[in-house]
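Please open the structure in your viewer and set the side chains to be shown. This tour proceeds by selections, each followed by an account of what is found there.

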Amino acid sequence: MSAAAAVAGNTSISPAPNHTRRQNPSFRRLSTILRFSKTSNTLTSAAAAADPSPVFRSVESFAPATVANLGPGFDFLGCAVDGLGDVVTVSVDPSIPPGTLSISSITGDHHSAVSKLSRNPSSNCAGISAIAAMRMLGVRSVGLSLRLYKGLPLGSGLGSSASSAAAAAVSVNALFGGLLSPTELVLAGLESEAKVSGHHADNIAPSLMGGFVLIRSYEPLDLIRLEFPLEQKLFFVLVSPEFEAPTKKMRAALPELVKREDHVANSSQAAALVAAILQGNVRVLGSALSSDGIVEPKRAPLIPGMLAVKKAAVEAGAFGCTISGSGPTVVAVVEDEEKGREVGRRMVEAFLIGGGLKAVAVVARLDRVGARVINTTAD
């Protein structure tokens, strides 16, 4: 059975091609706990300022979509979902000036996304991340070209910009032998996120690391991968309407001040969510995910039909439902794939009836691997 199954609707979020789920054995899996100290102004990588030689002619990488916030975990919790994501190929290109990068093509499943993206690398999330990785490596003697395949639509709430950034950073790093640390890859992606959607790691970190990720601190950056039990089943029902919710617009809707009682309530639900992840308790995970009292109430009115969709998900048997990232995708959690399809159908109906929006539902598993190299070409 496919890890991501479309169950309804007229818009599509295409699962990544099957080959994107392979992991190149030469690429080291990202570590469980990443720590970076800013007590020094210099990066810790041994590659910094080294001008390394490429070990491949080209590298192709896949990075998965993500669900950020997970309800009460605004800007500090996120997870990766299987089968959906972007692909970036980075190649050594003699026609490109040494030490620089050019975007040679942008293709993908979503014409509107492809047509809106700039091929200027300084204005493109994949380009920004790739350039940051090149700078960290100290690449000066060769020029690179980048090809971006968008499997995710823009403004979907599935970490579209982070997926491109993660795949780009991984490709550049692998091209030069994997010299950068996982922390540096996250920091490269954060440069991109800061320009495109804001300085938050709850998409880029899980896209790179896989699984559930807790951002314990931004200053200094401190990331903890939360291990969901392997034996426990967990499925995400991702329902995306034909509606774009730009991250910057959705962040502008958030309150500047939070009441003490709301802070206490959200903190307890976020703690319950972390405990449920570690224990593999999908019922509590869903309940906590549904209990955001600060961000969701401000954003839900901006997504037509959101409240009706959440109600339909729970009535159909989902353990919980909330906005994925900044939306408009809505995520529900279940522990049975067939139940997930039924929940998805009900949510799609609710979007049409309650919000007048066509939508598509996808049932996906947790992506435990994160960004990975899927193909390399040697000289």
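A salt bridge is counted here where a side-chain nitrogen of Lys or Arg lies within 4 Å of a carboxyl oxygen of Asp or Glu. The model is predicted, and under this rule 11 salt bridges are found in it.

**First selection: Asp86 and Lys150.** These two residues form a salt bridge, with 2.5 Å between the closest N and O atoms. Which parts of the chain does the pair tie together? Asp86 belongs to strand 4 (residues 77–92) and Lys150 to strand 6 (residues 144–150), so the bridge links parts that are 64 residues apart in sequence. Are Asp86 and Lys150 buried or exposed? Both Asp86 and Lys150 are buried.

**Next selection: Glu337 and Arg341.** Here the side chains meet in a salt bridge at 3.8 Å, N to O. Both residues lie in helix 11 (residues 337–355), where they are four residues apart, about one turn of the helix. Glu337 is buried, as is Arg341.

**Next selection: Glu342 and Arg345.** Remain in helix 11, which holds both of these residues, three residues apart and again about one turn of the helix. Their side chains meet in a salt bridge at 3.3 Å, N to O. Arg345 is partly exposed, its relative accessible area being 33%; Glu342 is likewise partly exposed, at 30%.

**Last selection: Glu337, Glu338, Arg341 and Arg365.** Salt bridges with shared partners join these four residues into one network. Glu337 and Arg341, already visited as a pair, thus reappear here as members of that network.

Conventions:
Residues numbered from 1 in each chain as written. Predicted model: local features only at pLDDT ≥ 70, side-chain atom pairs only at ≥ 80, totals over all residues. Heavy atoms only, no water. Helix = DSSP H or I, 4+ residues; strand = E, 2+ residues; numbered from the N terminus. Buried < 20%, exposed > 50% of the residue type's maximum accessible area, 1.4 Å probe, protein only.
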